[in-house]
Amino acid sequence: MENKGQKKMKVLIRTKITSIVAILSIPVFFIHLVIFMSAFFNATLISPPATPLFEDKDGNYLTDFPNKDNEYGFWKIDGPIPPRIKEAFLMAEDREFYSHWGVNVKSLVRAFINNMGNNPIQGGSTIPMQIARMQEPKQRSVLNKLKEIYTALFLVMKYPREQLLVHYLRIIPQGNQMHGTAYASRRYFRKPLRDISWAEAALLASVIKAPGKMNLFSFEGSMKAAQRARIILTLLFKEGTLSADEYHTALEVLYSKSYQIREKRPQNSLHYLFRFLDSYREKYEKRESINYTRPIHTTLDPDLQDYLSAAASRSMARYRPFGAGNIAIIAADAKTGCILGYIGSENYYDKENDGAINYAFQPRSSGSTLKPFVYGLGLETKTFSPASILADLPFSILSTKGEYKPGNFDDDFLGPLLYRYALANSRNIPAIRVLDEIGIDKTYGYLKSLGLITGEKPAEYYGYGLAVGGVYVTLEQLITSYGILANDGFAYELHFENRDVKKKEVRHMSSKTARYISLFLSDPLARSPSFKTLSTLGFTFPIAIKTGTSQGYRDAWTIAYNADYIVGVWMGHPKNVRMNHVTGSETALIAYQIFKYLQPEKKSGLYEEPFPLPRAVIPRKICALSGKLAGMHCNNISVEYFEEGEEPHDYCGLHQEFAIDKISGKPASSMTPEDQVVTQSFTILPPEYAAWAARHGYRTPETVYENLKDAYITILHPHSGTRLIIDPETPGEFQSIPLQVRVNPVIPEVLWLVDGEEYSAAGFPYTSRWNLKQGIHTIQAKFARAHIYSEKITVEVKAY
């Protein structure tokens, strides 16, 4: 028997042990309490904001936006959970999901025993425990596992099971920084979650075991995922969820495709993507809480984009030897503004030719591309009409900056041009005359309203360059502006996102003006002689087309449109250097090929859809030289359309018949024998065309000096106040200026007077040249056989 001392010792030891246990249990208790309370307050369903996924119009992946952690997805399942996804994930991750209270003790014990040995690591976490870990990821430890357990218990008590499963499927990792089955289904399989097959559902359920190793974008990863997917499918079959037919079909699909995902973007689409993302980013950042449940479809047509990419490569191979460095192409829907194809450069990665620059969004000299809007403003303000005649003649303007003498791209002049022909031939001088008549300020304001000018620089900065390339524009701006013409004068806006867009009912020009301009630009006959009907602009179906070439052949433009499409092409050099006579006619060839691709049924010309006429107009046959009603002797006739009351009423008087003495070639008189009199037709152009008419073979009968009531003579060049400088290194005989005059009526000869002394006599068209002499000089012209004088003009000549 124990003595009393031994008993006391045992009691003392037990007391100390109890005290030690009690003392040690206090921190354990508090640790549990802290973990318990933390789990209680963290038992909330939290997901990062959903991120957008962008596809082309056919549903192919283009790009996406990550969140701040560089992760993608987190799409909430739209509607009930698809049965195949539910069954596959529950079989793979938590078969007793609907029966346990957040923790499966058997699974935890099994995993613990397995992980004590050298076996592959197993997880015993239920879906609620995985939710807890994904929402607050930490290193694996006993305490963290305990917190997961507590959190899972509270989640199950707080939320319905279906809500937990929906949330789990939203945040579960799916490889490649993606989260959520709805997003992964769209990215991997290009289909909504409800449409995926048993094989695809099993693959998604497989990936979560090792998202990094089971990468469906790699062959090795996809094979590993397929092996685990087979196990999941087999378990579903044995459980009775899958029938034998469904099981074997799923296995056949699984291995026949091997499910290595191959993403294929349309060729050369990076510039389009960057422009789209720039336009979308601001909206996305302002709408951080938007719940994406489906992809955002862009407007890009993948087949057309591939065609445009190939066309760009062919064009550069052809024109680079002539100094072209790069190209930009845009093809858009003429009605909706959706951008169907977009080439910012031939090759984004071409460093030698600065391919990373987006030339469709790079301002370049507009060349002649703004002329349709200048002519349109002339019609809109009723300053001009379709019957207006514009003089394509040498033209100069004297200002404080000096004398401005514009020319045409071919260094030639076409004389009198009907409004339609002047625009269709893209003549510079007639365009400047229209601009001069309308006013620079008014034209500047109009182009600004169209979005072609930013307004940062005043109208005086551009001057007459508003019509002939002084404005720098982008291809996007031009497409947008020509879209106004294609839409009866209503505002037109380019779109990158394929969605229903409510058109802005904002008018930039009347329907009548828009239709006039479209008729002018689509008339192949009106393009002659500058652009031959059967040359590069000879479309076999109606297309309104405008080309442009900037000074020094630095930019070549074409904008073409019909009721369905608008196509724009630019070619030039990144360094803005000259090309070797590469013009808008070359880019027109590219545009023509694009239209033939877009509308192959129209290549034969059998399905022509002409541009509509302005409403409530009447046709009239107009003489293209006078702009008046065509007479019986007019041989250049154009049918023009007018609102009633605005049509011309006078007949053309330019084409006249004269009785001519066939011996002398002069007008017959009463003394001319009858058998010597013949009738000849003459085209009597206004006096300002005298020099041009003489060079182009227009014969004019001599005037009999009997009636000079309306006679006049006006010096056209030089202008009064002109200042000239003599170059000391150039021989004097090569330093001269032309003397030009306008005379009415046509007379045999004009005398030029310098400083009051007769300098030279000049026959029709009365042009002479004056050799420069230092000093201030007066110049005057007069009829040779009558006392009819011009006003005196003054010029000053200085030594260099």
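These questions and answers concern aromatic pairs, a helix and a strand in a predicted model.

Biologist: What is the geometry of the pair formed by the rings of F54 and F65?

Modeller: The ring centres lie 5.6 Å apart and the planes stand at 90°. Planes over 60 degrees apart count as edge-to-face. The angle of F54 and F65 is therefore that of a pair that is edge-to-face.

Biologist: How many residues apart are F54 and F65 in the chain?

Modeller: F54 belongs to strand β1 (residues 53-55). F65 sits in the loop between β2 (61-64) and β3 (72-73). The pair links distant parts of the chain, and its members are separated by 11 residues.

Biologist: Are F54 and F65 buried or exposed?

Modeller: F54 and F65 both belong to one aromatic cluster, together with Y272, F276, Y342 and F496. As for accessibility, F54 and F65 are each buried.

Biologist: How is the pair of Y188 and F189 classed?

Modeller: Y188 and F189 are both buried. Their ring centres are 6.2 Å apart, with the planes at 55°. Planes under 30 degrees apart would be stacked and those over 60 edge-to-face. Because 55° fits neither class, the pair is tilted.

Biologist: Which ring has the charged end of K782 over it?

Modeller: The model has R161 over the face of F97, at 5.9 Å from the ring centre. For K782, the charged end is 5.3 Å from the centre of the ring of Y789.

Biologist: Why is helix α2 described as largely enclosed by the rest of the structure?

Modeller: Helix α2 covers residues 83-93, and its buried residues include F89, L90 and M91. Among the elements that cover them are α4 (127-135), α6 (161-171) and α9 (219-239). The helix is called largely enclosed because the buried residues number eight of the 11.

Biologist: Which residues of β17 are buried on the side opposite Y565, V567, V569 and M571?

Modeller: In a regular strand, side chains alternate between the two faces of the sheet. Strand β17 (residues 565-572) has eight of its eight residues buried. Both of its faces are covered, and the side opposite Y565, V567, V569 and M571 holds I566, G568, W570 and G572.

Biologist: Which residue of β17 is the bridge partner of I329?

Modeller: Strand β7 (residues 326-333) runs antiparallel to β17, with eight bridges joining them. Strand β16 (residues 555-561) also pairs with β17 in the antiparallel sense, over seven bridges, and a hairpin of three residues joins β16 to β17. T558 stands opposite V569 in β17. The bridge partner of I329 in β17 is V569.

Notes:
Residues numbered from 1 in each chain as written. Predicted model: local features only at pLDDT ≥ 70, side-chain atom pairs only at ≥ 80, totals over all residues. Heavy atoms only, no water. Phe/Tyr/Trp six-rings, centres within 6.5 Å; stacked < 30°, edge-to-face > 60°. Helix = DSSP H or I, 4+ residues; strand = E, 2+ residues; numbered from the N terminus. Buried < 20%, exposed > 50% of the residue type's maximum accessible area, 1.4 Å probe, protein only. Lys NZ or Arg CZ within 6 Å of the ring centre and 35° of its normal. Contact = heavy atoms within 4.5 Å. Pairing = 2+ DSSP bridges.
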